[in-house]
Amino acid sequence: MTASDPTGTVADLLCALTREEKLGLVRGTSDPEGAATGYVAGVERLGVPPFRLVDGPLGVRAGGREATAFPASLALAAAFDPDLAREAGAALGREAKARGQDAVLAPGANVVRVPACGRNFEYYSEDPALAGRLAAAVIEGLQSEDVVATVKHYVANNQETDRCRVSAEVDERTLRELYLRPFRAAVEAGAGSVMAAYNRVNGTYVTEHRHLLRDVLKGEWGFDGYVVSDWFATESTVDAANAGLDLEMPGVPAAGEDDAAGGASSEFDPEAGGDFAGGIPDITRGGLFGAPLGEAIDAGEVPEDRLDDMVARILGQMERVGRLDGDRDGGAIDTPEHRALAEGIAARGTVLLENDGVLPLSDAASVAAIGPNVRDATLGGGGSSETTPFDATSPAEGIRARADGAVTVARGVPPIEERSLFDALPFGDEGGGDEAGSDGEADGWDDEAAGDPHPDLDEAVAAARGADVAVVFVRDTATEGMDRDDLRLPGEQNDLVRAVAAANDRTAVVVNSSGPVELPWRDDVAAILEAWYPGQADGRAIASILYGDRDPSGRLPITFAAEDDYPATEPARYPGVDGRARYEEGLLVGYRHFDVAAVEPVYPFGHGLSYADFAYGDGVVVDGSAVGVDVENVGDRPGREVVQAYVRPPSVDGVERPVRELAGFAAISLAPGERRRVALDLDERAFGRYDPDAGWTIDSGSYDVEIGRSIEDVRTEVTIER
Ligand code: GLC
């Protein structure tokens with residue numbers, strides 16, 4: 001069945017549905033059970049059941065009920081393992097089904113352009129090949145459980161500042177080679193739904209962007225699922241319907257507003273959100289695809305068959321996941337397998353940035369576990385991705401459970417307070433549970449119960465001085481709807497690290513961040529681990545890495561650098577001026593920029609150390625789109641390596657290209673002494689470039705393929721002739 005040519009049940013339903021019933025299928029309404037994030041009422045007369053959509057990429061947020069709080073997408077990305085991503089998608093699908101949901105509003109596939117973007121933790125990478133492969137794998141996993149995946153936020157939603165108004169001013173080639181690529185991979189993987197973002201692209205809101213929705217997504221790529229708006233992102237009735245939007249969400253004004261048949265039901269002050277100004281949509285707007293759409297069709301402004309196409313796309317996905325066959329049971333939630341998977345992803349995504357040998361810890365070592373939030377699991381960031389776990393393990397708990405030696409715990413400085421979009425919305429957290437990062441405490445900080453009435457720097461320093469090893473946990477805070485102010489660690493954490501490192505030269509630092517952060521003390525400590533937002537298994541996962549039960553096998557999916565050294569730093573580029581963010585850096589985002597910049601990054605793309613040690617043989621060309629290399633673990637511990645391949649295209653007169661592009665990668669585990677041949681399939685689009693006239697083009701010539709441990713640590717090179 002294709003949307004344009006429905007057959008069978010969908011075709012029959014289209015014939016039987018009244019106009020009013022069709023209009024009820026193309027916009028959301030309130031879920032009578034209060035669990036779904038988005039709810040399409042069914043058509044009882046014809047046996048069409050309701051269709052429920054639920055957040056989000058880090059776990060199922062169904063009416064605030066508990067679910068497994070998986071690690072942030074960035075942590076999953078750092079594992080560089082599509083098989084693991086597919087498992088994560090399948091688990092998310094099972095948990096959604098267990099909560100009676102039919103579609104998950106995940107994965108987030110936006111390319112990381114701005115290091116301070118408040119939602120980087122929900123995305124995968126600065127590189128479109130990595131982001132695309134992982135998004136595709138998550139989608140395959142999700143949909144293998146008969147749940148519709150919704151890849152988001154299509155497209156160029158790369159900042160939270162002013163997200164509901166800003167226009168990304170980006171040339172076609174950059175759109176195609178960078179920002180659209182992960183979404184194309186998602187569509188090729190069979191994504192059943194694409195979420196249209198809040199922002200504008202080159203002056204037009206994506207929810208009414210004919211070129212992006214009809215020409216590219218549905219025309220060129222053949223997408224036959226449905227395009228759903230981000231929540232309250234639908235700007236119009238006629239333009240949106242004719243441009244290719246299929247489903248208006250949430251469809252009704254925010255809770256507590258009159259569920260009128262459309263149109264604004266009260267005044268909306270875009271500045272109402274304070275710090276979130278521009279990051280909060282017009283929540284008084286809803287029902288644009290209700291009566292107004294019917295009137296537009298009657299007036300001949302929207303073709304009747306456009307409404308049929310919208311309905312066919314939605315019913316087509318319902319049919320695809322078996323929803324038209326009636327209620328479905330099944331699914332699973334908070335199973336031992338899901339808990340183990342959440343811990344495994346958190347561990348696999350942990351990146352060892354520095355290590356002078358202080359890690360792994362010996363079991364008998366006495367440890368001072370220090371940090372303002374050391375008694376709290378860092379679940380995730382704020383906003384629609386918030387998940388409420390059944391259980392969570394803090395770093396302090398994880399270390400205490402794993403250590404044989406004495407463990408002292410001290411916060412040292414005041415806790416870092418979470419920020420959340422839900423704090424700024426008048427209807428509160430519609431479906432979120434506790435704020436991300438809490439350990440189940442209702443809110444705030446229970447100092448007395450924590451046995452640590454007041455954070456005291458001297459106490460933390462004394463704890464460090466008295467232990468064999470000090471492990472300091474630091475973090476940032478990030479939320480949907482707002483970008484981080486800068487890349488510095490908030491609060492007094494840098495002072496804490498410096499004071500502890502001065503007291504104990506065996507100090508390791510664990511960073512829980514939403515993306516790149518500045519680490520000014522990196523030369524003063526013995527080891528640094530980047531553990532992102534690890535989810536409910538936080539303490540268990542990090543303890544397994546600290547004590548060497550697992551090899552730190554994460555690699556950086558985004559470059560770490562000094563804030564001013566990134567490409568989008570002038571206001572005209574980010575956050576934009578007069579509502580326009582100019583993507584003047586073009587393709588030179590992330591490592592593509594640092595390859596030609598006069599400055600070095602602090603930690604390059606793909607960087608990550610291991611407790612093992614790996615030797616590489618000479619690379620070989622398998623065929624025109626695959627290379628191979630032998631890798632041996634020459635260390636004395638089991639290890640996991642991420643082998644990476646970067647394509648360096650031939651120079652062509654008059655054609656500017658990035659110096660190198662990630663084309664392939666593979667994560668492998670090797671026992672001490674084990675040697676294995678690793679084959680890397682290369683992403684065809686890493687060889688190509690997009691020519692606005694000729695389309696995708698692969699220039700003939702010699703393509704050097706660099707193979708190694710990161711973009712900087714190249715071990716061998718081969719050449720492929722094209
Ligand atoms: C939010 C987010 C989107 C989420 C949706 C439903 O504003 O942008 O990612 O899925 O609305 O909560």
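**A tour of the cysteines, the ligand site and the cavities**

The structure, a predicted model, holds zero disulfides.

Begin the tour by selecting Cys-117 and displaying its side chain. The closest cysteine sulfur belongs to Cys-164 and lies 13 Å from that of Cys-117; because a disulfide requires the two sulfur atoms to be within 2.5 Å, this separation is too far for a bond. Switch on a surface next, and Cys-117 counts as buried, at 0% relative accessibility.

Move on to Cys-164, which is in no disulfide either, the nearest cysteine sulfur being that of Cys-117, 13 Å away. With a relative accessible area of 9%, Cys-164 is also buried.

Now centre the view on the ligand and select the residues around it. There are 14 of them, and those that come nearest are Asp-55, Arg-119, His-153, Tyr-198 and Asp-230. Colour this shell by class: seven residues are charged, four are nonpolar and three are polar.

Which side chains place a polar atom 2.9 Å from an oxygen atom of the ligand? Select Lys-152, where a polar side-chain atom lies at that distance from a ligand oxygen. Then select Glu-480, in whose side chain an N or O atom is likewise 2.9 Å from an oxygen atom of the ligand. Add Asp-230, which has a polar side-chain atom 2.6 Å from an oxygen atom of the ligand. Taken alone the ligand exposes 310 Å², and the protein buries 93% of that area.

Finally, leave the ligand and turn to the enclosed spaces. How many cavities of 30 Å³ or more does a search of the whole structure find? The search returns seven. The largest cavity has a volume of about 140 Å³. To locate this largest cavity, select Pro-57, Leu-76, Ala-88, Leu-92 and Val-138, which are the closest to its centre among the 15 residues that line it.

Notes:
Residues are numbered from 1 along each chain as its sequence is written. This is a predicted model: local features need pLDDT of at least 70, side-chain atom pairs count only at pLDDT 80 or more; totals for chains, interfaces and linings use all residues. Side-chain values use heavy atoms; hydrogens and water are left out. A residue is near a molecule or strand if one of its heavy atoms lies within 4 Å of it. A polar contact is a pair of N or O atoms within 3.5 Å; within protein, one must be able to donate a hydrogen and the other to accept it, and residues adjacent in sequence count only if both atoms are side-chain atoms. Accessible areas come from the Shrake-Rupley method with a 1.4 Å probe; for residues, only the protein chains shown count as cover. Ala, Val, Leu, Ile, Met, Phe, Trp, Tyr, Cys and Pro count as nonpolar, Asp, Glu, Lys and Arg as charged, and the others, Gly among them, as polar. Buried means under 20% relative accessible area, exposed over 50%, partly exposed in between (1.4 Å probe, protein chains only). On a 1 Å grid over the protein atoms alone, a cavity is a set of points where a 1.4 Å probe fits but cannot get out, and a pocket is an open set with protein on both sides within 12 Å along at least five of seven lines; lining residues have an atom within 4 Å of a point. Grid points are joined across faces, edges and corners, and a volume is the space filled by probe spheres set on the points.
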